[in-house]
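Subject: Structure for you to look at

Dear colleague,

I am passing on a structure that will be new to you, and below it I have set out what was found. Please keep it open beside this message as you read.

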Amino acid sequence: MKPMAKLALPPFAVAGGLLIAVAGTSLAQGESTPRADAVAPVAKAFVGDPEDPATWRLPVETYAPTKAQTRMVSATRDELIDACMDKQGFPEWTPAPDLPDLGGTTLTDWRYGIHDAEEAHAYGYHPDPEAQKAYDDALAQDQSGNTDRDVLRSCVDEADGGVPRLAVSPLVNQIGGYSYQMARETPEVQEVFEQWSECMKTKGYTYAQPMDAAEDARFITSDKATELEKDTAVADVACRDKFHVEKTWFDAEARIQEQEISKSQQELEEQRAGIKAAVAKARALD
């Protein structure tokens with residue numbers, strides 16, 4: 001979904017249907033990626049709680065690092081860079097803090113829009129104000145002091161030699177963006193969109209598609225949710241639940257992802273092997 005004016009997106013959140021991330025499946029430039037010995041079966045979707053999209057997992061996530069892997073590798077790299085900067089005469093440098101979750105805790109949490117009635121009643125389409133403040137505070141924290149940028153760059157290069165960073169994978173990004181958009185156009189998703197729209201009309205709201213409500217200019221430009229926004233969001237969630245909008249969309253996207261993954265199976269498996277290699281290097285230095 002398109003974020004609110006102040007909503008900064010978490011790793012692998014959706015912006016206009018595209019996956020964006022601070023960590024993905026490719027190794028840093030210059031690192032060799034291990035080749036997979038044998039191609040594993042195409043990854044499948046996983047559904048934890050059928051009523052909670054935050055517990056669902058799309059097939060393409062199999063080829064991306066987990067949040068725990070990303071943070072562990074990042075922490076190890078931070079230690080390497082910190083030690084290098086201290087040795088170079090910049091003890092005041094500190095690594096950037098991990099950004100708190102905002103607008104969803106997993107890829108699928110807010111991928112298809114809001115789904116929690118209590119949160120809709122409290123915040124509308126905005127994130128929890130406390131979560132927003134924590135995110136903003138972490139984002140604004142100054143880590144560099146009077147750091148020499150050339151020195152920092154050399155220390156980052158040195159860390160790259162020890163533990164390669166987990167960088168975004170264009171292929172995973174491409175599959176995720178394509179599947180999100182194409183799933184919207186499938187007959188079954190279009191059908192539930194129409195049902196949702198009719199449901200919203202009975203409640204006094206006129207929107208063609210579920211994401212249109214969250215992107216209402218009256219809500220996006222406001223720093224916090226108005227009563228109109230909250231009422232709209234509550235109605236939105238009720239209509240989504242009635243016609244299983246999120247699950248229908250998720251199932252369609254998962255099916256498309258499986259098809260796309262099968263076209264690039266070997267490359268994706270090599271990227272997954274690269275993730276394991278980077279994590280192993282980080283653990284060896286922990």
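Please bear in mind throughout that this is a predicted model. A convenient place to begin is helix α5, which has 15 residues and spans 22 Å from its first C-alpha to its last, close to the 21 Å expected at 1.5 Å a residue. The buried residues of α5 are Leu171, Val172, Ile175, Gly176, Gly177, Ser179, Tyr180, Ala183 and Arg184.

Two helix pairs come next. In general, the packing of two helices is described by the angle between their axes and the distance between the axes.

In the first pair to be described here, helix α5 (residues 170–184) meets helix α10 (residues 245–263), with axes that come within 8 Å and cross at roughly 135 degrees. That angle makes α5 oblique to α10, since angles over 145 degrees would be needed for roughly antiparallel and 65 to 115 for roughly perpendicular. The crossing of α5 and α10 is right-handed. On the α5 side, the contact is made by Ile175, Gly176, Tyr178, Ser179, Tyr180, Met182, Ala183 and Arg184, while α10 contributes Trp249, Ala252, Glu253, Ile256, Gln257, Glu260 and Ile261. Sorted by class, this contact of α5 with α10 has nine nonpolar, three polar and three charged residues.

The other pair consists of helix α1 (residues 67–87) and helix α4 (residues 149–162), whose axes come within 9 Å and cross at roughly 135 degrees. The helices α1 and α4 are therefore oblique to each other, and their crossing is right-handed. Here α1 brings Arg77, Leu80, Ile81, Cys84, Met85 and Lys87 to the contact, and α4 brings Val151, Leu152, Cys155, Val156, Glu158, Ala159 and Asp160. By class, the contact of α1 with α4 has nine nonpolar and four charged residues, and no polar ones.

Finally, a single residue may be worth a look, namely Asp98, which is found in the loop between α1 and α2 (117–123). Is Asp98 buried or exposed? Neither term fits, because its relative accessibility of 46% makes Asp98 count as partly exposed, a class that lies between the limits of 20% and 50%. Leaving aside neighbours within four places in sequence, Asp98 is in contact with Arg71 and Ala138. The C-alpha atom of Asp98 is also separated by 9.1 Å from that of Ala75, although these two residues are 23 residues apart along the chain.

With best wishes

Terms used
Residues are numbered from 1 along each chain as its sequence is written. This is a predicted model: local features need pLDDT of at least 70, side-chain atom pairs count only at pLDDT 80 or more; totals for chains, interfaces and linings use all residues. Side-chain values use heavy atoms; hydrogens and water are left out. Axes are lines fitted to C-alpha atoms, for helices over the stretch in contact, and angles run from 0 to 180 degrees between N-to-C directions. Helices (H or I, at least four residues) and strands (E, at least two) are DSSP runs, numbered from the N terminus. Angles under 35 degrees count as roughly parallel, over 145 as roughly antiparallel, 65 to 115 as roughly perpendicular and the rest as oblique. A crossing is left-handed if the near helix is turned anticlockwise from the far one by less than a right angle, and right-handed if clockwise. Contact means heavy atoms within 4.5 Å. Ala, Val, Leu, Ile, Met, Phe, Trp, Tyr, Cys and Pro count as nonpolar, Asp, Glu, Lys and Arg as charged, and the others, Gly among them, as polar. The expected span of a helix is 1.5 Å times one less than its number of residues. Buried means under 20% relative accessible area, exposed over 50%, partly exposed in between (1.4 Å probe, protein chains only).
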